[in-house]
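Colleague: Hi! Could you walk me through this model when you have a minute?
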Amino acid sequence: MDPNMDPDRLVEESLRQMWQVEDFQRRSAAMVGHGEALDGLVTAEARGDAGLSRITIDPRAMRSPAQDLGDATLRAAQGALEDLRRQTMEAMREILGDDVMGVVDGTGDPSKLVAEAEQRFQASADEAMETLERLRRQGGF
């Protein structure tokens, strides 16, 4: 029997993946991304469970022209969201692995994953057909 078709192993793998997803959800909810601009006078925070959650403007930043202050606030917010995205992608990479994440982030070759999936599917189908044939012979059909 193909070890990939072992029912105990499949259940064990499914439970492991479920725990990984639950762990990822907890971790991503607790993640905090940080961004800053104007030499740290404008800071922003983005949380995994709340999105952009805080913008802090040091009173000294108020000396800047309004347009500069607005641009700095936007850069700090974008930095916080980017930092949060980077943390999330790193956590996903731990769960999904480099091959899958490479396809997600555009650095990997999806044809490799497709070929592996096709091989696994074909092996499973072949094994199922062999099992059916063996059962047919044993049953005298």
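Modeller: Happy to; we can go through the sheet, the core and one loop residue. Keep in mind that this is a predicted model.

Colleague: Sheet to begin with, please. In what order do the 3 strands lie, and is the pairing parallel or antiparallel?

Modeller: The order is E1-E2-E3 in an open sheet, with antiparallel pairing. E1 and E3 are the edge strands, each pairing on one side only. From one strand to the next, the twist averages 20°.

Colleague: Nice. How many bridges join E1 to E2?

Modeller: There are 6 bridges between strand E1, residues 32-37, and E2, and the two run antiparallel. For the register, His 34 has Glu 45 in E2 as its bridge partner, while Gly 35 stands opposite Ala 44 in E2.

Colleague: And the turn there? Which residue takes a positive phi in the hairpin of E1 and E2?

Modeller: That's Leu 38, with a phi near 50°. The hairpin has 4 residues between the strands.

Colleague: What about the other side, how many residues are in the hairpin that joins E2 to E3?

Modeller: That hairpin goes through 3 residues. E2 and E3 are also antiparallel and joined by 6 bridges. To place the register there, Ala 46 stands opposite Leu 52 in E3.

Colleague: OK, switching to packing. Which residues have the most contacts inside the largest nonpolar core?

Modeller: Val 42 and Ala 76, in a core of 13 residues. Two elements give two or more residues to this core: strand E2 (42-47) and helix H2 (66-104).

Colleague: Which element gives the largest share of this core?

Modeller: H2 does, with 6 residues. As a general point, nonpolar side chains tend to be buried together in soluble globular proteins.

Colleague: Back to Val 42. What is Val 42 in contact with, leaving aside its neighbours within four places in sequence?

Modeller: Quite a list: Gly 35, Glu 36, Ala 37, Thr 56, Ile 57, Ala 61, Leu 69, Ala 72, Thr 73 and Ala 76. Gly 35 in that list is the residue that stands opposite Ala 44, and Ala 76 is again the other residue named for the most contacts inside the core.

Colleague: Last topic, Arg 63. Where is Arg 63 found, and is Arg 63 buried or exposed?

Modeller: Arg 63 is in the loop between strand E3 (51-57) and H2. Its relative accessible area is 71%, so Arg 63 counts as exposed, the cut-off being over 50%.

Colleague: And how many Å apart are Arg 63 and Leu 15 in space?

Modeller: They are 56 Å apart, C-alpha to C-alpha, with their positions 48 residues apart in sequence.

Note on methods: Residues are numbered from 1 along each chain as its sequence is written. This is a predicted model: local features need pLDDT of at least 70, side-chain atom pairs count only at pLDDT 80 or more; totals for chains, interfaces and linings use all residues. Side-chain values use heavy atoms; hydrogens and water are left out. A nonpolar core is a set of buried Ala, Val, Leu, Ile, Met, Phe, Trp, Tyr and Cys residues joined through side-chain atoms within 4.5 Å. Buried means under 20% relative accessible area, exposed over 50%, partly exposed in between (1.4 Å probe, protein chains only). Contact means heavy atoms within 4.5 Å. Two strands pair if DSSP finds at least two bridges between them. Axes are lines fitted to C-alpha atoms, for helices over the stretch in contact, and angles run from 0 to 180 degrees between N-to-C directions.
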